[in-house]
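Hello,

Here is the structure I promised to pass on to you. Please have a look at it first, and then read on for my notes.

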Amino acid sequence: MSYKAVVFDLDYTLWPCWCDTHISTPLKLHKSKKNTVVDKYGYEVTLYEDVVPIFEYLRSKNIKIFTASRTASPPTAKKLIKLFNLEKYIDDSEWGWGSKKNHISKLAGRNDIDPSEMCLFDDEYRNKDVEEIGVKFCYLPNEKLTWSEFNKHINPSHEH
Ligand SMILES: [Mg+2]
């Protein structure tokens with residue numbers, strides 16, 4: 001695979017909710033369900049099962065892992081990432097309002113990686129505008145990162 005960094009959206013890419021609207025803090029880990037967080041009202045959010053193995057795979061290939069999110073509540077996203085124990089995989093993040101072109105431009109500048117050496121996995125088609133700055137857009141039509149989607153976009157046979 002030819003990318004130096006893979007950028008991931010958060011909501012409906014790594015987990016099945018909008019962390020700024022569906023979740024109320026404080027959050028805590030579920031006592032028995034794996035990779036599940038419970039919010040103030042008992043609402044449960046489980047990390048998609050292929051996320052950690054995919055992050056492990058990218059780590060093993062020395063490919064950087066970034067996140068880019070339009071979330072209106074970065075503190076909630078941060079807390080989820082911490083509880084899901086994803087901090088150790090994520091090299092850098094850029095969150096907040098506006099186009100992901102801006103998010104990724106900042107990530108590119110800070111990490112000295114050209115946008116053309118990155119791809120973005122995202123469930124929202126509007127974020128395809130990152131292609132205008134050279135990022136490959138990997139659309140997740142089923143609102144979920146899976147190995148099958150990952151391999152479809154990042155396939156060794158497509159290497160050049
Ligand atoms: Mg999303």
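In these notes, a residue is exposed when its relative accessible area is over 50%, and buried when that value is under 20%. Please bear in mind that this is a predicted model.

With that cut-off, D112 counts as exposed, because its relative accessibility is 72%. D112 sits in the loop between helix 3 (100–111) and strand 7, and it has a positive phi of about 55° although it is not a glycine. N62 makes a good companion to look at: its phi is near 60°, again positive in a residue other than glycine. N62 belongs to the loop between helix 1 and strand 5, and its relative accessibility of 70% means that it counts as exposed. A further positive phi, near 60°, is found at N85, which follows helix 2. Most residues other than glycine have a negative phi, and most peptide bonds are trans. On that second point, the bond from T25 to P26 is cis, with omega near 5°; P26 is located in the loop between strand 1 and strand 2.

Now to the metal. The magnesium ion has three protein donors, D9 (OD), D11 (O) and D123 (OD), at 2.0 to 2.1 Å. Along the chain they follow the spacing D-x1-D-x111-D. D11 and D123 bring together distant parts of the chain: D11 is in the loop between strand 1 (5–8) and strand 2, D123 is in the loop between strand 7 (118–122) and strand 8 (136–139), and 112 residues separate them. Both D11 and D123 are buried.

The aromatic residues are worth some of your time too. A search of the whole structure gives 12 aromatic pairs. One of them is F8 with F121: the ring centres are 5.7 Å apart and the planes are at 15°, so this pair is stacked. Since F8 is in strand 1 and F121 in strand 7, the pair ties together parts that are 113 residues apart in sequence. F8 is buried, at 0% relative accessibility, and F121 is buried as well, with a relative accessible area of 0%. W15 and F84 make a tilted pair, with 5.9 Å from centre to centre and 35° between the planes. This pair also links distant parts of the chain, as W15 is in the loop between strand 1 and strand 2 while F84 is in the loop between helix 2 and strand 6, 69 residues apart. W15 is buried at 0%, and F84 counts as buried at 2%. There is also an aromatic cluster made up of F8, F55, Y57, Y89, F121, W147 and F150.

Several of these names come back in the interior. The largest nonpolar core has 36 residues, and F8, L14, W15, F55, L86 and F121 have the most contacts inside it. Strand 1, helix 1 (51–60), helix 2 and strand 7 each contribute at least two residues to this core. Leaving aside neighbours within four places in sequence, L14 touches F8, D9, L47, Y48, V51, F55, L86 and L145. A second, separate core has 13 residues, among them I104, A108, L120 and V135.

Which residues of helix 2 are buried? In helix 2 (residues 74–83) they are T76, A77, L80, I81 and L83. They lie on the same side of helix 2, because they cover an arc of only 165° around its axis. The exposed residues P75 and K78 are on the face turned away from that buried side. The cover over the buried residues includes strand 2 (28–29), strand 3 (36–38) and strand 6 (92–95).

Those strands deserve a few words of their own. Strands 2, 3 and 4 form an open sheet in the order 2-3-4, with antiparallel pairing. Strand 2 and strand 4 (44–46) are at the edges, each with a single partner strand, so one side of each has no neighbour in the sheet. Strand 2 and strand 3 are joined by 2 bridges, and K28 has V38 in strand 3 as its bridge partner. Strand 6 runs parallel to strand 5 (residues 64–69), with 4 bridges between them; T67 stands opposite S93 in strand 6. The covered face of strand 6 has D92 and E94, and the uncovered face has S93 and W95.

Enjoy looking around, and do write back with any questions.

Best wishes

Key:
Residues are numbered from 1 along each chain as its sequence is written. This is a predicted model: local features need pLDDT of at least 70, side-chain atom pairs count only at pLDDT 80 or more; totals for chains, interfaces and linings use all residues. Side-chain values use heavy atoms; hydrogens and water are left out. Buried means under 20% relative accessible area, exposed over 50%, partly exposed in between (1.4 Å probe, protein chains only). The arc is that of the directions from the helix axis to the C-beta atoms. Contact means heavy atoms within 4.5 Å. Donors are N, O and S atoms within 2.8 Å of the metal (3.2 Å for Na, K and Ca); water is not among the atoms, so sites may look incomplete. Two strands pair if DSSP finds at least two bridges between them. Rings of Phe, Tyr and Trp (its six-membered ring) pair if their centres lie within 6.5 Å; planes under 30 degrees apart count as stacked, over 60 as edge-to-face and the rest as tilted. A nonpolar core is a set of buried Ala, Val, Leu, Ile, Met, Phe, Trp, Tyr and Cys residues joined through side-chain atoms within 4.5 Å.
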